[in-house]
Amino acid sequence: MDPSFIFYLVAALLVLVGIAGIVLPALPGIPLVFVGLLVAAWADGFAHVGWLPLTLLGILTLLSFAVDILATVVGAKRVGASSKALWGTVLGSIVGLFFMPIGLLAGPLLGALAGEYWHTRELGRSTKVGFATWLGILLGVALKLALVVAMLGLFVFAWLV
């Protein structure tokens, strides 16, 4: 058996798990995609995908960290969320993992709502903060999906050219 087949299989699995990790907050999605693409490039000795495309893929991976943080914070801060709401979002995301798939959507929303309610004791404001934080998370997921599509497109382009 050709060992490169195993490397390509591992690369494909890393990319698939990474794509799942964009939606599942417990997995480092885009970094796993990057490692998968790096393994695929390494499997053929970097003959098809060299250092320039890999550097660009690395930059896109770093950009994903900024997107992850900024999307949630911008959504929350836009409506004046407290730090308790942000911590509630994190805790709600973790607890939501245990109640998949609904928990993935409801966990951050309910966590932000509970954190803000704990801070202000105003249900209307807490609901507004919860939804704004949740929308920020959804925006982050959409942007990270776009980054993965760009990364895969760049990799395929570099492979074929």
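This text walks through the cores of the structure, one buried residue and a pair of packed helices. The model is a predicted one.

Start with the largest nonpolar core. It holds 21 residues. Ile-30, Leu-37, Val-49, Leu-57, Met-151 and Phe-155 have the most contacts inside it. Four helices each give two or more residues to this core: H1 (3-23), H2 (29-43), H3 and H6 (123-160). H2 supplies the largest share, with 7 residues.

Now look at Met-151. Residues up to four places away in sequence are not counted here. Met-151 touches Ile-30, Val-33, Phe-34 and Leu-37. It also touches Leu-57, Leu-60 and Thr-61.

Thr-61 deserves its own look. This residue lies in helix H3, which spans residues 51-77. Its relative accessibility is 6%, and buried means under 20%, so Thr-61 counts as buried. Leaving aside neighbours within four places in sequence, Thr-61 is in contact with Ile-30, Pro-31, Phe-34 and Met-151.

Turn next to helices H4 (residues 83-96) and H5 (residues 102-120). Their axes lie 6 Å apart, at an angle of about 150 degrees. Angles over 145 degrees count as roughly antiparallel, and therefore H4 and H5 are roughly antiparallel to each other. Their crossing is right-handed. On the H4 side, the residues that meet H5 include Gly-88, Gly-92 and Gly-96. On the H5 side, those that meet H4 include Gly-103, Gly-107, Gly-111 and Gly-115. By class, this contact has 5 nonpolar, 10 polar and 2 charged residues.

Conventions: Residues numbered from 1 in each chain as written. Predicted model: local features only at pLDDT ≥ 70, side-chain atom pairs only at ≥ 80, totals over all residues. Heavy atoms only, no water. Axes fitted to C-alpha atoms, helices over the stretch in contact; angles between N-to-C directions. Parallel < 35°, antiparallel > 145°, perpendicular 65-115°, else oblique. Left-handed = near helix turned anticlockwise from the far one by under 90°. Contact = heavy atoms within 4.5 Å. Nonpolar A, V, L, I, M, F, W, Y, C, P; charged D, E, K, R; others polar. Buried < 20%, exposed > 50% of the residue type's maximum accessible area, 1.4 Å probe, protein only. Core = buried A, V, L, I, M, F, W, Y, C linked by side-chain atoms within 4.5 Å.
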